[in-house]
Amino acid sequence: MTEFDPTNKMAKIFIWLAWFFALVLLFFFFQDVLDKQWNPNKDPQISLSPQGKAEVRLQQNRQGHYLVEGAINDTPVIFLLDTGATQVSIPAHIAEQLQLKSYASSQVNTANGRTTVYQTTLQQLSIGNIYLYDVAAHINPSMQSNEILLGMSALKRVEFSQVGKQLTLREQ
């Protein structure tokens, strides 16, 4: 018959707790690494060109896309640059959070087929130190993502150039 040893039981509890906290720390560390790979532009690199124009430099993510944190009407959002999109396209659930008003509907062709969208105008759209005003956009109820497609209604108002895996946006 063995005697109960409380120190042995405490040691086992501390070992289990140490393993648990080590796994939690590893999870947070690797989640941060994965987040940076998905969106390396959480804090975009901003500067002024020699002509005094605002510039934002973006890095490609692992999938070859350019995501960047910006704002619509001073509310933080995530943009996915899409030169194939005619307008800025906002998922309906994000448009609701931004309290955007729609004023007309229309049919558009998207990568996922034909859908009905609702026109809106963004009072202010910003990426880093670049600010655009009165940008045409549409609210797309078919989009389920958490990213806003930054289409040509905004991109035509900036100069952009790509060198390697870096894209520079510059105000006109």
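**Group meeting talk: a walk through a predicted model**

Let's start with one residue: Glu55 is buried, with a relative accessible area of 8%. Glu55 lies in strand S2 (residues 54-59), while Arg170 is in strand S11 (residues 166-171), so this pair ties together parts of the chain that are 115 residues apart in sequence. And how do the side chains of Glu55 and Arg170 meet? In a salt bridge, at 2.6 Å, N to O. Before I go on, please keep in mind that this is a predicted model.

Arg170 itself is partly exposed, and its relative accessible area is 22%. Glu55 has another partner too, because Arg57 forms a salt bridge with Glu55 as well, and there the closest N and O atoms are 3.6 Å apart. Arg57 is also partly exposed, at 23% relative accessible area. Which residues are linked in the network of salt bridges here? Glu55, Arg57, Glu159 and Arg170. As a bit of background, side chains of opposite charge can pair when their charged atoms come close.

So how many salt bridges does the structure hold? Four. Another of them sits between Glu69 and Lys42, with the closest N and O atoms 3.7 Å apart. That pair links distant parts of the chain: Glu69 is in strand S3 (residues 67-72), Lys42 is in the loop between helix H1 (6-38) and strand S1 (45-48), and the two are 27 residues apart. Are these two buried or exposed? Well, Glu69 is partly exposed at 28% relative accessible area, and Lys42 counts as partly exposed at 38%.

Okay, on to the sheet. S2 and S11, the strands of that Glu55 and Arg170 pair, belong to an open sheet of four strands. The order is S1-S2-S11-S10, and the pairing is antiparallel. Which strands are at the edges? S1 and strand S10 (158-163), each of which pairs on one side only. If you look at how neighbouring strands of this sheet sit, they are turned by 20 degrees against each other on average, ignoring direction. S10 and S11 run antiparallel and are joined by six bridges. To give you a spot to find on the screen, Ser161 has Thr168 in S11 as its bridge partner.

There's a parallel pairing to show you as well. S5 and strand S8 (residues 130-140) pair in the parallel sense, over four bridges. In that pairing, Ile90 stands opposite Ile139 in S8. Now, which faces of strand S5 (residues 88-91) are covered? Both of them: Val88 and Ile90 on one side, and Ser89 and Pro91 on the other, are all buried.

Now let's go to helix H1, and to the surface. Met10, Ile13, Phe14, Leu17, Phe20 and Phe21 make a nonpolar surface patch of about 610 Å². Ile13 has its place in helix H1, and at 39% relative accessibility Ile13 counts as partly exposed. Leu25 is found in helix H1 too, and Leu25 is exposed, with a relative accessible area of 59%. Here's a distance for you: how far apart are Leu25 and Ala85 in space? They are 40 Å apart, C-alpha to C-alpha, and 60 residues apart in sequence.

Let me finish with the whole chain. In total, the secondary structure comes to three helices and eleven strands. Reading along the sequence, you get the pattern α-β-β-β-β-β-α-β-β-β-β-α-β-β. The radius of gyration is 23 Å, well over the 16 Å that the globule rule gives for 172 residues, so the chain is more spread out than a compact globule. Along its principal axes, the C-alpha trace spans about 80 × 45 × 25 Å. And how much of the chain is buried? Buried residues make up 34% of the 172 residues, and Glu55, where we began, is one of the buried ones.

Notes:
Residues are numbered from 1 along each chain as its sequence is written. This is a predicted model: local features need pLDDT of at least 70, side-chain atom pairs count only at pLDDT 80 or more; totals for chains, interfaces and linings use all residues. Side-chain values use heavy atoms; hydrogens and water are left out. Buried means under 20% relative accessible area, exposed over 50%, partly exposed in between (1.4 Å probe, protein chains only). Patches are made of residues with over 30% relative accessible area and no salt bridge: like charges are joined within 9 Å, nonpolar side chains (Val, Leu, Ile, Met, Phe, Trp, Tyr) within 5 Å. Accessible areas come from the Shrake-Rupley method with a 1.4 Å probe; for residues, only the protein chains shown count as cover. Two strands pair if DSSP finds at least two bridges between them. Axes are lines fitted to C-alpha atoms, for helices over the stretch in contact, and angles run from 0 to 180 degrees between N-to-C directions. The radius of gyration is taken over C-alpha atoms; the globule rule is 2.2 Å times the number of residues to the power 0.38.
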